[in-house]
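Subject: Handover of a structure, with findings

Dear colleague,

Please find below the structure that I am handing over to you. I would be grateful if you could look through it before reading my notes.

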Amino acid sequence: MKALLELLAQQLVSNPQAVEVKETLGDTASVLELRVAKEDLGRIIGKQGRTAKSIRTILNAVASRNNRKVVVEIVES
């Protein structure tokens, strides 16, 4: 999950070296904390949050195959 989010984020931003993903595992859920450069924050969120929602949908689809939930938090660095 961490690698997938990192790959998706790096493809969307103009500074892929600044992408960091921190994963915290729980019993049935994982929390993924995504950090990007300040100037790339708008690219990750998208208009009206559409890009962020799409990223969350993709990750939840992958996680549901393993009976897990995923929470994606986008953090400004």
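The notes that follow describe the sheet and then the helices.

Please keep in mind that this is a predicted model.

The sheet

The model contains an open sheet of 3 strands, arranged in the order β1-β2-β3, and its pairing is mixed. Strands β1 and β3 form the edges, as each of them pairs on one side only. Between neighbouring strands of this sheet the average turn is 20°, direction ignored. As general background, strands of a sheet pair through backbone hydrogen bonds, and the pairing may be parallel or antiparallel.

Strand β1 covers residues 20-25 and strand β2 covers residues 29-36; the two run antiparallel and are joined by 6 bridges. Together, β1 and β2 make a hairpin, with 3 residues between them. Should you wish to locate this pairing in the viewer, glutamate 23 can serve as a marker, with leucine 32 of β2 standing opposite.

On the other pairing, β2 meets strand β3, residues 69-76, in the parallel sense, and 8 bridges connect them. Two positions may help you to follow this pairing. Alanine 29 has lysine 69 of β3 as its bridge partner, and leucine 34 stands opposite isoleucine 74, also in β3.

The helices

Helix α1 spans residues 2-12 and helix α3 spans residues 50-64; they pack at an angle of about 155°, and their axes lie 11 Å apart. How are the two helices oriented, roughly parallel or roughly antiparallel? Angles over 145 degrees count as roughly antiparallel, and α1 is therefore roughly antiparallel to α3. Their crossing is right-handed.

Which residues make this contact? From α1 they are Leu4, Leu5, Leu8 and Leu12, while α3 contributes Thr51, Ile55, Ile58, Leu59 and Val62. Sorted by class, the contact of α1 with α3 comprises 8 nonpolar residues and 1 polar residue, with no charged residues.

Helix and sheet together

Helix α3 also links the two parts of this description. In addition to packing with α1, α3 lies across β2 and β3, and its direction is at about 150° to β3. Of these two strands, β3 is an edge strand, and β2 is placed between β1 and β3 in the strand order.

With kind regards

Definitions and conventions. Residues are numbered from 1 along each chain as its sequence is written. This is a predicted model: local features need pLDDT of at least 70, side-chain atom pairs count only at pLDDT 80 or more; totals for chains, interfaces and linings use all residues. Side-chain values use heavy atoms; hydrogens and water are left out. Two strands pair if DSSP finds at least two bridges between them. Helices (H or I, at least four residues) and strands (E, at least two) are DSSP runs, numbered from the N terminus. Axes are lines fitted to C-alpha atoms, for helices over the stretch in contact, and angles run from 0 to 180 degrees between N-to-C directions. Angles under 35 degrees count as roughly parallel, over 145 as roughly antiparallel, 65 to 115 as roughly perpendicular and the rest as oblique. A crossing is left-handed if the near helix is turned anticlockwise from the far one by less than a right angle, and right-handed if clockwise. Contact means heavy atoms within 4.5 Å. Ala, Val, Leu, Ile, Met, Phe, Trp, Tyr, Cys and Pro count as nonpolar, Asp, Glu, Lys and Arg as charged, and the others, Gly among them, as polar.
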